[in-house]
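Biologist: I would like to go through this model and ask what each label rests on. Please set the value against the criterion each time.

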Amino acid sequence: MYRATDVSPKGIAMASQSSLEAQWISRTKNTRYELIDLPEILRAFTGAPFQSLNCVPRARFNKSEADAWIEETHNYFGSKGVPMIWWISPFSNPSDLGERLVAHGAERLPEELPAMAMDLQHLNDKVSTPTELTIEQVTDDEGLRRFVSAFVSDTVSPENMREAFYHINADAG
């Protein structure tokens, strides 16, 4: 995994991309799920009926092969009967990948999804936090359920998506 030491915007973007890829590699270790991890593509299939749980978190195609990769990927997920999402980052290739995806029938989502990052080397430990705030490693089922409840918002996601996300993470161990 990429070790973030560069806290420039590009460095933070690289750390975010690396984290996204590592999450999907970890989540799809269970044999019920399918993962393709090639230099050109990281493709994760969980079978859950939610686009964010079947995805391509890495796409680095040559211009001459990009359309074929897109078609193959759309055909793959279509044959599985699940929606999917492409996670496009500054490291995706070719540079016109977003436009190519739209040309192949993909729908563009908001340009910026909420995310946060900070340089932990400069974390101000004098900032007050609520006394009830704790940061813990998830080590049991109860902790995983609390994590999933916080991570998957009720206002955005249906209850059965929360359950699917729970099982995907529980199966990863």
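**The sheet and its surroundings**

Modeller: In this predicted model, four strands form an open sheet with mixed pairing, in the order β1-β2-β3-β4. The edge strands are β1 and β4 (85-86), each of which pairs on one side only.

Biologist: What makes β1 and β2 a pair, and in which sense do they run?

Modeller: Two strands pair if there are at least two bridges between them. Strand β1 (residues 34-37) and β2 are joined by four bridges and run antiparallel, so the criterion of at least two is met. One of the bridges links D37 to its partner L42 in β2. The connection from β1 to β2 is a hairpin of three residues.

Biologist: How do you know that the sheet is called mixed rather than antiparallel?

Modeller: The sense of each pairing has to be listed. β1 and β2 run antiparallel. β2 and strand β3 (residues 55-59) also pair in the antiparallel sense, over three bridges. β3 and β4, however, pair in the parallel sense over two bridges. The pairing in the sheet is therefore mixed.

Biologist: Which residues are bridge partners of A44 and L42 in β3?

Modeller: A44 has C55 as its partner in β3, and L42 has R58. On the β4 side, C55 is partnered with I85, while V56 stands opposite W86.

Biologist: Why is β2 called largely enclosed?

Modeller: Buried means under 20% relative accessible area. Five of the five residues of β2 (residues 41-45) are buried, so the rest of the structure largely encloses this strand. Both of its faces are covered: buried residues I41, R43 and F45 lie on one side, and buried residues L42 and A44 on the other. β3 is mostly covered as well, with five of its five residues buried.

Biologist: How many elements does the chain have, and in what order do they come?

Modeller: The chain has five helices and four strands. From the N terminus on, the order is α-β-β-β-α-β-α-α-α. Of its 173 residues, 33% count as buried. The chain exposes about 11500 Å², of which carbon and sulfur atoms supply 54%.

**Helices and single residues**

Biologist: What makes you say that the buried residues of α4 lie on the same side?

Modeller: The buried residues of helix α4 (residues 141-151) are G143, L144 and V148. Around the axis they cover an arc of only 135 degrees, which puts them on the same side of α4. The face turned away from that buried side carries E142 and A150, which are exposed.

Biologist: F147 lies in helix α4 too. Why is F147 called partly exposed?

Modeller: Its relative accessibility is 31%. Buried would require under 20% and exposed over 50%, so F147 counts as partly exposed.

Biologist: What makes F147 eligible for a surface patch?

Modeller: A patch residue needs over 30% relative accessible area, and F147 has 31% relative accessibility. F147 forms a nonpolar surface patch with V138 and F151, and together they have about 270 Å² of accessible area.

Biologist: Is A164 buried or exposed, and how do you know?

Modeller: A164 is in helix α5 (residues 159-172). Its relative accessibility is 16%, and the cut-off for buried is under 20%, so A164 counts as buried.

Biologist: Which residues is A164 in contact with, leaving aside its neighbours within four places in sequence?

Modeller: A164 is in contact with A48, F50 and L53, where contact means heavy atoms within 4.5 Å. The C-alpha atoms of A164 and P49 are separated by 8.8 Å, although these residues are 115 residues apart along the chain. Among contacts in the chain between residues at least 6 apart in sequence, 55% join residues at least 24 apart.

Biologist: How do you know that the peptide bond joining N93 and P94 is cis?

Modeller: The omega angle of the bond between N93 and P94 is about 0 degrees, and the bond is cis. Most peptide bonds are trans. P94 is placed in the loop between β4 and α3 (97-103).

Key
Residues are numbered from 1 along each chain as its sequence is written. This is a predicted model: local features need pLDDT of at least 70, side-chain atom pairs count only at pLDDT 80 or more; totals for chains, interfaces and linings use all residues. Side-chain values use heavy atoms; hydrogens and water are left out. Buried means under 20% relative accessible area, exposed over 50%, partly exposed in between (1.4 Å probe, protein chains only). The arc is that of the directions from the helix axis to the C-beta atoms. Patches are made of residues with over 30% relative accessible area and no salt bridge: like charges are joined within 9 Å, nonpolar side chains (Val, Leu, Ile, Met, Phe, Trp, Tyr) within 5 Å. Accessible areas come from the Shrake-Rupley method with a 1.4 Å probe; for residues, only the protein chains shown count as cover. A salt bridge is a side-chain nitrogen of Lys or Arg within 4 Å of a carboxyl oxygen of Asp or Glu.
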